[in-house]
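Reader: I'm new to this one and would like a close look at a single part. Could you pick a hairpin and walk me through it, with a bit of the surroundings for context?

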Amino acid sequence: MTQRVAFLVFDGVTMLDVSGPAEVLHQAVRLGLPYRLVLVSPRGGDVTASGLALAGATAVADAGPVDTLVVAGADRLAGRPVEDELLEAAGSLAEGAARVASVCSGAFVLAALGLLDGRRATTHWRHARTLAHRYPRVRVEPDALYIRDGRYVTSAGISAGIDLALGLVEDDHGADAARDIARELVVFMQRPGGQSQFSTALATPPARSDLLRSLVASVLADPAGDHSVPAMAASAAVSTRHLTRLFQTELNTTPGRWVERVRLDRAQQLLLDGHSITSAARHSGLGSDESLRRAFAHHLGTTPSEYRKRFTTTRGDAPPTRDAGPERGTPRSRARSRAHG
């Protein structure tokens with residue numbers, strides 16, 4: 001049975017929030033998977049997206065039933081209350097959809113409708129605090145790439161929409177199909193929803209000195225190696241005191257703390273890839289189960305088991321045919337009352 005996927009767009013929408021997930025599903029169609037994509041806007045016609053035109057969107061009134069709704073984002077959604085027209089459009093489409101997704105700040109639309117009340121959700125890290133403040137009933141998790149809670153799937157910014165769409169394909173048609181699409185698009189297959197939006201590798205500012213740049217690269221390449229302060233100092237042919245000064249001056253941290261965060265990133269990935277706690281501890285360089293648990297508690301405020309359970313139990317589950325929650329059938333009636341958050 002063909003699944004109709006509607007992308008809700010509007011003037012000022014972020015192009016990659018639309019084109020990234022749409023390309024994943026287009027590749028799925030090329031593989032023979034039964035998706036039909038439809039571009040929908042509140043009034044139909046053309047809309048602007050990142051300074052370019054998206055042509056020929058169908059008006060919401062003419063869209064017909066959809067199986068999956070994807071609400072794209074735009075910077076203004078986080079900056080001011082969502083306009084009534086967009087809320088009405090999203091509410092109308094969400095009412096009959098079996099699955100409702102948002103990319104980046106599209107989560108503000110779902111939150112304004114009350115659809116995320118009491119649920120876990122994410123958005124671009126830059127907007128996460130605003131989302132949590134404006135909609136306190138939403139359980140915002142700022143560090144996840146994407147989160148599924150019931151029939152609702154929310155993702156972080158921009159390229160995370162590709163990860164979300166690969167996850168939807170995996171839910172519908174299995175990991176092999178998603179892997180084939182990822183290979184075709186030359187993207188990672190696939191960053192799990194629980195992977196951090198801002199890993200230590202991304203969050204580390206570029207080192208100014210060649211010595212520290214080389215050292216950082218070697219640790220990132222092999223987190224489980226011998227990266228004690230004496231070993232790193234010997235490798236760089238400097239004193240431990242000088243090495244500590246370099247880390248403090250250029251990276252604003254100590255060598256030990258930085259290495260632990262790199263290893264924690266690796267342990268998170270290993271757990272989500274199916275490794276045991278003992279294996280994740282050993283291959284990440286954290287060493288023992290107890291060291292792994294301490295690092296998770298200190299940096300993430302949770303246990304390795306709870307972390308893995310949170311981000312892996314729903315992957316691969318078939319989406320429900322309808323959400324049975326109390327909000328079913330109510331988004332349009334909520335739109336006006338919640339438009340100003």
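Author: Buried residues account for 52% of the 341 in the chain, and keep in mind that this is a predicted model. The chain has 16 helices and ten strands. If you take the contacts between residues at least 6 apart in sequence, 68% of them link residues at least 24 apart.

Now for the hairpin, which is made by β9 and β10. Strand β9 covers residues 146-149, and its partner β10 covers residues 152-155. The two run antiparallel, with four bridges joining them. One of the pairings puts D149 opposite Y152 in β10. Two residues sit between the strands, and in that turn G150 has a positive phi of about 65 degrees.

What about the faces of β9: are they covered or open? Side chains in a regular strand alternate between the two faces of the sheet. In β9, Y146 and R148 are on one side, I147 and D149 are on the other, and all of them are buried, so both faces are covered.

For a bit of the surroundings, go back along the chain to T123, in the loop between β7 (120-121) and α5 (125-134). T123 counts as buried because its relative accessibility is 0%, and the cut-off is under 20%. Its side chain reaches the backbone oxygen of C104, at 2.8 Å.

As for the outside, the chain exposes about 15,300 Å², with carbon and sulfur atoms supplying 51% of that.

Definitions and conventions. Residues numbered from 1 in each chain as written. Predicted model: local features only at pLDDT ≥ 70, side-chain atom pairs only at ≥ 80, totals over all residues. Heavy atoms only, no water. Buried < 20%, exposed > 50% of the residue type's maximum accessible area, 1.4 Å probe, protein only. Contact = heavy atoms within 4.5 Å. Areas by Shrake-Rupley, 256 points an atom, 1.4 Å probe, with all protein chains shown as cover. Polar contact = N/O pair within 3.5 Å; in protein donor to acceptor, adjacent residues only side chain to side chain. Pairing = 2+ DSSP bridges.
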